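Let's take a relaxed walk through this protein, one group of residues at a time. Keep the structure open beside you and find each residue as it comes up.

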Amino acid sequence: FDTELRLIAIFCVCWGDHRLQLNMTHHWKTLEGVFFDQTKPWQSGAIGRRKAKELVSARQESDHLIGFCFNEDNADFVWIVTVGTRSGKHEGWTAMVYTMDELPDRDLFVDGWSGSDALLPHS
């Protein structure tokens, strides 16, 4: 089960002859020097980073998981957390966040006329 843990979500909005399709992918973002609050983790222990990634990607939506953190002194011991968990900064910690790509505005809608003054009335 090591397929880069990529999730593709396709959203289609259709009306008339216009169709908007967005391909949004999830990816792992590494935040060096960042940790999550460990008082109420979804799960913690000697889970390992690979297993933590599998759990978060598989149960992200159902359990509202966002990622995990670990300390360089014991990188196999992780704290898996839910959306809304506070974070802080400290050397030696790393947070891994499962996030979705942001789309640039230019990719949101293309209709053949966008960016063209050809249809504007001339005074």
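## A cluster of rings

Start with the aromatic side chains: ring pairs link W28, F68, F70 and Y98 into a cluster. One member of that cluster has a charged visitor, since R49 lies over the face of F70, at 4.6 Å from the ring centre. Keep in mind as you look around that this is a predicted model.

## Two tryptophans and a phenylalanine

How many aromatic pairs does the structure hold? The count is 6. One of them brings together F35 and W93, with ring centres 5.9 Å apart and planes at 50 degrees, so this pair is tilted. F35 sits in strand β2 and W93 in strand β6, so the pair ties together parts that are 58 residues apart in sequence. Are these two residues buried or exposed? F35 is partly exposed, at 26% relative accessibility, while W93 is buried, with a relative accessible area of 15%.

W93 also pairs with W79: their ring centres are 5.4 Å apart and their planes are at 55 degrees, so this pair is tilted too. Here the link is between strand β5, where W79 lies, and strand β6, where W93 lies, so it joins parts 14 residues apart in sequence. W79 is buried, with a relative accessible area of 15%.

## Salt bridges

Now for the charges. Side chains of opposite charge can pair when their charged atoms come close. The count for this protein comes to 2 salt bridges.

In one of them, the side chains of D37 and R86 meet, with 3.5 Å from N to O. This pair links distant parts of the chain, 49 residues apart: D37 is in the loop between β2 (18-36) and β3 (43-45), and R86 is in the loop between β5 (74-82) and β6 (87-100). D37 is partly exposed, with a relative accessible area of 21%, whereas R86 is exposed, with a relative accessible area of 61%.

The other salt bridge joins R59 and D63, whose closest N and O atoms are 2.8 Å apart. What separates R59 and D63 along helix α1? They are 4 residues apart in this helix (residues 49-63), which puts about one helical turn between them. R59 is partly exposed at 37% relative accessibility, and D63 is partly exposed as well, with a relative accessible area of 21%.

## Just after the helix

Next, look at H64, in the loop between α1 and β4. What is unusual about the phi of H64, given that H64 is not a glycine? It is positive, at about 60 degrees. H64 counts as exposed, at 52% relative accessibility.

## N71 and its neighbours

Move along to strand β4 (residues 65-71), where you will find N71. Is N71 buried or exposed? At 16% relative accessibility, N71 counts as buried, because the cut-off for that word is under 20%.

The side chain of N71 reaches the backbone nitrogen of D73 at 2.9 Å. Leaving aside neighbours within four places in sequence, N71 is in contact with G92 and W93. You have met W93 already, as the ring partner of W79.

## Q43 and its contacts

Q43 belongs to strand β3 and is partly exposed, with a relative accessible area of 32%. Which residues does Q43 touch, not counting those up to four places away in sequence? They are L55, V78, W79 and I80.

There is also a distance to try on your own screen. Q43 and T82 are 39 residues apart in sequence, and their C-alpha atoms are 9.6 Å apart in space.

## How far to trust the picture

Finally, check the confidence scores. The protein averages a pLDDT of 75, and 62% of the residues score at least 70. Confidence is highest in β3, at 96, and lowest in strand β1 (residues 8-15), at a mean of 38.

Take some care with the beginning of the chain: over residues 1-22, pLDDT stays under 50. For that stretch, the model has 45 contacts beyond four places in sequence.

Definitions and conventions
Residues are numbered from 1 along each chain as its sequence is written. This is a predicted model: local features need pLDDT of at least 70, side-chain atom pairs count only at pLDDT 80 or more; totals for chains, interfaces and linings use all residues. Side-chain values use heavy atoms; hydrogens and water are left out. A salt bridge is a side-chain nitrogen of Lys or Arg within 4 Å of a carboxyl oxygen of Asp or Glu. Helices (H or I, at least four residues) and strands (E, at least two) are DSSP runs, numbered from the N terminus. Buried means under 20% relative accessible area, exposed over 50%, partly exposed in between (1.4 Å probe, protein chains only). Rings of Phe, Tyr and Trp (its six-membered ring) pair if their centres lie within 6.5 Å; planes under 30 degrees apart count as stacked, over 60 as edge-to-face and the rest as tilted. A charge sits over a ring if NZ of Lys or CZ of Arg is within 6 Å of the ring centre and within 35 degrees of the ring normal. pLDDT is the predictor's confidence in each residue, from 0 to 100. Contact means heavy atoms within 4.5 Å. A polar contact is a pair of N or O atoms within 3.5 Å; within protein, one must be able to donate a hydrogen and the other to accept it, and residues adjacent in sequence count only if both atoms are side-chain atoms.
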